[in-house]
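Reader: I want to learn how to read a ligand site. Please take me through one.

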Amino acid sequence: MAEKIVVLGSNGQIGTELVTALRKVYGESNVVACDIRRPDYDIKNSGPFEFVNVLEKDTLNSIFQKYKPTHVYLLAALLSATGEQNPKLAWDLNMNGLLNILDLAITYQTAKVYWPSSIAVFGPNSPKDNTPQFCVMDPNTVYGISKLAGERWCEYYHQKYNLDVRSIRYPGLISWKAAPGGGTTDYAIHIFHDALKKGTYASFLNAATELPMMYMDDAIRGTIELMDADASKITIRSSYNFAGVSFTPEILAAEIRKHIPEFTLTYAENDPRQNIADSWPRSIDDSYAMKEWGWKPEFNLERLAIEMINNLKK
Ligand code: AKB
């Protein structure tokens with residue numbers, strides 16, 4: 001059977017690039033982009049688009065009825081920093097959006113569901129370095145709490161209803177095509193824009209805050225590889241640890257200075273995102289993803305910086 005794919009939350013930082021990548025693999029007309037906002041020019045003109053709010057069950061139901069998707073990617077979510085400004089909305093969107101999709105996937109016998117988790121599932125008492133797949137998880141942001149609860153729901157639907165649901169715990173994703181959406185790791189994107197435009201950037205995280213990050217091309221490739229993997233290889237139905245590179249604002253600034261020697265970095269005091277970052281891992285052990293479905297990142301810090309600078313310059 002030919003794949004029919006629905007991507008919910010298609011206009012965000014990940015969705016914008018995932019829809020383009022999926023349309024290349026599966027054909028433009030077989031990938032339906034859905035969002036509450038009007039899409040950018042590329043997505044609208046390269047295939048079908050529908051206005052969908054993942055909290056509106058009737059609209060969602062009509063999308064499943066109309067397209068009978070074989071694969072659904074649910075990307076609509078409130079991220080860590082915006083989630084803290086509106087905790088109830090973050091919980092509602094992140095949790096009920098997921099439950100709506102899991103239920104419809106059962107009703108319509110959707111072959112595969114993808115739902116992203118995050119390093120935000122870890123908390124102050126999780127090991128900070130090389131954080132293992134299985135360890136203490138005590139997230140203290142509503143985003144992290146909703147992602148951890150969502151992981152449990154995914155595993156539950158797999159065990160109880162045999163739903164083929166797959167997930168990755170994304171680190172901070174670095175990309176130049178679409179703007180980041182209110183996360184704690186967003187500084188690592190803003191820094192490139194400001195370095196090129198102004199030659200200086202005021203980081204909201206302090207110099208020594210090390211966080212796991214990944215270039216978007218790696219994240220998109222890894223996501224599609226996980227979805228393509230034979231089901232027999234997928235033993236984790238909560239969400240896979242997934243790693244690229246780890247760096248601090250200071251290390252990133254030094255890398256940028258190799259291309260823009262006059263670049264200066266300053267630090268903004270007392271930003272609430274610092275507390276969030278301090279509760280997260282510094283680096284991630286993604287050996288399960290590597291062993292089970294062959295995950296391997298391609299972009300190190302040097303390559304990531306070159307891609308960002310060259311593409312943003314254009
Ligand atoms: C965020 O900073 O909230 C996200 C994430 C790590 O999930 N980028």
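Author: Start with the domains. Their bounds come from an automatic or database domain assignment. The centres of domain 1 and domain 2, taken over C-alpha atoms, are 25 Å apart. Domain 1 is 5-171 + 214-241, and domain 2 is 173-213 + 245-283 + 299-313. This is a predicted model: local features need pLDDT of at least 70, side-chain atom pairs count only at pLDDT 80 or more, and totals for chains, interfaces and linings use all residues. Residues are numbered from 1 along each chain as its sequence is written, and side-chain values use heavy atoms, with hydrogens and water left out.

Reader: How many residues of domain 1 are in contact with domain 2?

Author: Contact means heavy atoms within 4.5 Å. Here 29 residues of domain 1 are in contact with 28 residues of domain 2.

Reader: Which residues surround the ligand?

Author: A residue is near a molecule if one of its heavy atoms lies within 4 Å of it. The ligand has L79, S80, S118, I119, Y143, G183, T184, T185 and W280 around it. Each of the two domains gives at least three residues to this shell.

Reader: Which polar contacts does the ligand have at S118, T184 and T185?

Author: A polar contact is a pair of N or O atoms within 3.5 Å. For S118, a polar side-chain atom is 2.7 Å from a ligand oxygen atom. T184 uses a polar backbone atom, 2.7 Å from an oxygen atom of the ligand. At T185, a polar side-chain atom lies 2.9 Å from a ligand nitrogen atom.

Technical notes. Polar contact = N/O pair within 3.5 Å; in protein donor to acceptor, adjacent residues only side chain to side chain.
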